[in-house]
Amino acid sequence: MSQRLYQRVEQTAHQTGCGVSELIVSTLETRLPPLPDRLPPELAADLGRWSLLDDEALLAIANAFLPAKEQRRYSTLLRQANAGRLNGREQAEWDALQQEYLRFSQNKAKAQFLLAQRKGAAKLEGVPA
């Protein structure tokens, strides 16, 4: 830990009336909440990496949407697919857009999960969320 960071931690600990170790542990418990035991390895790795993001970054991901142009194209292709009117090029585009939509949805879910875990951990620790 850099000297500058340690000084910030020490100052915050002093201001809150707790020890440096206690503050560090409390902060880590809030920032790195426990994950469910039975997660697929890839998902566990993603959540582990994403837990290093700050709340602002997680909120941005949780609130993200496909760009408007892609949303409109998604809706158009969905209607055409439901009507059975996709040609080969449109089918490939539709498949790619569905994968992109799924990726967005999964990312939103991961970010929302981590934010909820942090909020729950903060409540348990008595830290404002």
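A salt bridge here is a side-chain nitrogen of Lys or Arg within 4 Å of a carboxyl oxygen of Asp or Glu. The exercises below apply this to a predicted model.

**Exercise 1. Decide what joins the side chains of Glu93 and Arg89, and place both residues in the fold.**

Step 1. Take the N to O distance: for Glu93 and Arg89 it is 3.5 Å.
Step 2. Compare with the cut-off. The pair must be within 4 Å, so Glu93 and Arg89 meet in a salt bridge.
Step 3. Locate the pair. Both residues sit in helix α6, four residues apart. That spacing is about one helical turn.
Step 4. Classify the surroundings. Arg89 has 55% relative accessibility and is exposed. Glu93, at 25%, is partly exposed.

**Exercise 2. Find how Arg49 and Asp46 are paired, and state whether each is buried or exposed.**

Step 1. Read the closest N and O atoms: they are 2.3 Å apart. Arg49 and Asp46 form a salt bridge.
Step 2. Check the helix. Arg49 and Asp46 both belong to helix α3, which spans residues 41-50. They are three residues apart, so about one helical turn separates them.
Step 3. Apply the accessibility limits. Buried means under 20%, exposed over 50%. Asp46 has a relative accessible area of 13%, so Asp46 is buried. Arg49 reaches 51%, so Arg49 counts as exposed.

**Exercise 3. Which parts of the chain does the salt bridge between Lys110 and Asp46 link?**

Step 1. Confirm the bridge. The closest N and O atoms of Lys110 and Asp46 are 2.7 Å apart.
Step 2. Assign the elements. Lys110 is in helix α6, residues 88-125, while Asp46 is in helix α3.
Step 3. Take the sequence separation: 64 residues. The pair therefore links distant parts of the chain.
Step 4. Classify Lys110. Its relative accessibility is 12%, which counts as buried.

**Exercise 4. List what Lys110 touches beyond its neighbours within four places in sequence.**

Step 1. Set those sequence neighbours aside.
Step 2. Read off the rest. Lys110 is in contact with Leu43, Asp46, Leu47 and Trp50.
Step 3. Pick out the salt-bridge partner: Asp46.

**Exercise 5. Which residues are linked in a network of salt bridges, and how many salt bridges does the rule count?**

Step 1. Start from Asp46. Arg49 forms a salt bridge with Asp46. Lys110 forms one with Asp46 as well.
Step 2. Join the pairs. Asp46, Arg49 and Lys110 make up a network of salt bridges.
Step 3. Give the total. The count by this rule is six salt bridges.

How values were computed:
Residues are numbered from 1 along each chain as its sequence is written. This is a predicted model: local features need pLDDT of at least 70, side-chain atom pairs count only at pLDDT 80 or more; totals for chains, interfaces and linings use all residues. Side-chain values use heavy atoms; hydrogens and water are left out. Helices (H or I, at least four residues) and strands (E, at least two) are DSSP runs, numbered from the N terminus. Buried means under 20% relative accessible area, exposed over 50%, partly exposed in between (1.4 Å probe, protein chains only). Contact means heavy atoms within 4.5 Å.
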